[in-house]
Amino acid sequence: MSGEVLEADLREAARVLVDRGRLRAEAEPELYRAAVKGQAALAGLFRSELGWTFEVLEVAQLVRLHKRRVDVPGDRGPSVARGGGRPVLLSQEALVLVCLVCEQLWRRPRLSVRELMQALAQVCAEEAASGGLPRVQWVAGEGTSKQEARWHRQNLVDALQVLEAEGSVEADSDLERVVVDEDADLVVTASRDRLAARFSSLSPALLGLDVLPPQEHAAALSTASLLDPVAPEPDQTASLEERRLQALRRLVDDPGVDPFDEQTSGTAYLHTLAGRERGLALLAGLGLGVTVRRDWWEVTDPSGLGTAMDFPNGRRMERQAALALLAHLSERDRAGSVVQVGDVVELLEGVRAVMPNWAAGHKAQLPALARAAISELTAARLLVPVVGEAEQWQATPGVHLWRVRVAHAARGTAGPEPGEASGVEPTEGDA
């Protein structure tokens, strides 16, 4: 890896930037100051190793990392937590509303929610006939049920909450009121400097997205200049530099990486001696932990700063079910096996046969608990969906990097209490 090794505070700032893409002065003052002070080192690291642009906007009191990745993960994106539950991805309409809200607040940085709704409804009505924008209806009326109107308001609140979480807008009251009360009103104030900093790609108009097929949009948006090819020709072989950037970006972004998952006729980059050493050096420079096998790289952040995933921590029933499934998959020769919901339900029934008190409240909902367990392991990339098959997942070699044991805490009973705690320890890899 070129350049100097990052200092400890810069490594922390770098991990947060990789996860969130931004650092705000009011939210992370120490990391923000460290990033501003060490901007030359951070900019050099991200540019040389990952091809990403680091930017300091002192007027907006914001540090931005503009990440580019052609192979965009389909299960990630802006998300919100509703009612204290698990975060859910924004719907397509909510993503559209994020853009429209930014447009309206750029023109008028201070608006009431009622004024904002009126402006958005007018813009959408003009484009809805041609299919350019969805039609929104905030209150029940002719052709719109109360449930549908509530759904539209929920999408607007989701969009505003995403912008509020990133510090681009600020509401003077709880946004959730808008969902339950169609007459609720509050004021939203935007920072125009931070709205201007949201752009990470070239102008969509200049890129000609309207004439490109959807499968080429990610490549177009991730291009660094208009002179770069939008998409490679079918017979065009990726250069070593392109392969390096794609592999290292996956290492930094993903919890688990298959080193052979590279569409190339030659040796996969991470399986070469130079690629392995460069990947290890980059992860060490960022302060990330990594366990390496010949067929799998498992990357973690021991500090928790640079990831929103807390697996395997937590004592929720869904997490315990995921650990039970992981213990089953980590047995010899189970990597690559296909997992279906029915198989997991059968496994959970076997666990309940041994420990009847475990998951007693989910006795009639084991399929839902099984899907939640599969979702947990999929987020950790210990399971991957089978292409072309509905509700089928394949175990990755990463399952062999974990060892699961159940610890029963004594409570004055003669036997162990079922489901008291689950601990997971990563095994030593053959790095």
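This section describes a three-stranded sheet, the helix across it, and one arginine in a predicted model.

Residues are numbered from 1 along each chain as its sequence is written. Because the model is predicted, local features need pLDDT of at least 70, side-chain atom pairs count only at pLDDT 80 or more, and totals for chains, interfaces and linings use all residues, while side-chain values use heavy atoms, without hydrogens and water.

Three strands form an open sheet in the order S1-S3-S2, with antiparallel pairing. Strands are DSSP runs of E, at least two residues, and helices are runs of H or I, at least four residues; both are numbered from the N terminus. Two strands pair if DSSP finds at least two bridges between them. Strands S1 (22-24) and S2 (53-57) are the edges, each pairing on one side only. From one strand to the next, the twist averages 10°. S2 and S3 (residues 62-66) run antiparallel and are joined by five bridges. Valine 56 stands opposite valine 63 in S3.

Helix H2 (residues 29-37) lies across S1, S2 and S3. The helix runs at about 115° to S1. Axes are lines fitted to C-alpha atoms, for helices over the stretch in contact (heavy atoms within 4.5 Å). Angles run from 0 to 180 degrees between N-to-C directions.

Arginine 153 is found in helix H6 (residues 146-165). Arginine 153 counts as buried (under 20% relative accessible area, 1.4 Å probe, protein chains only), because its relative accessibility is 6%. A polar atom of its side chain lies 2.9 Å from the backbone oxygen of valine 179. Residues up to four places away in sequence aside, arginine 153 touches Met117, Trp138, Val139, Val178, Val179 and Glu182.

Terms used
Buried means under 20% relative accessible area, exposed over 50%, partly exposed in between (1.4 Å probe, protein chains only). A polar contact is a pair of N or O atoms within 3.5 Å; within protein, one must be able to donate a hydrogen and the other to accept it, and residues adjacent in sequence count only if both atoms are side-chain atoms.
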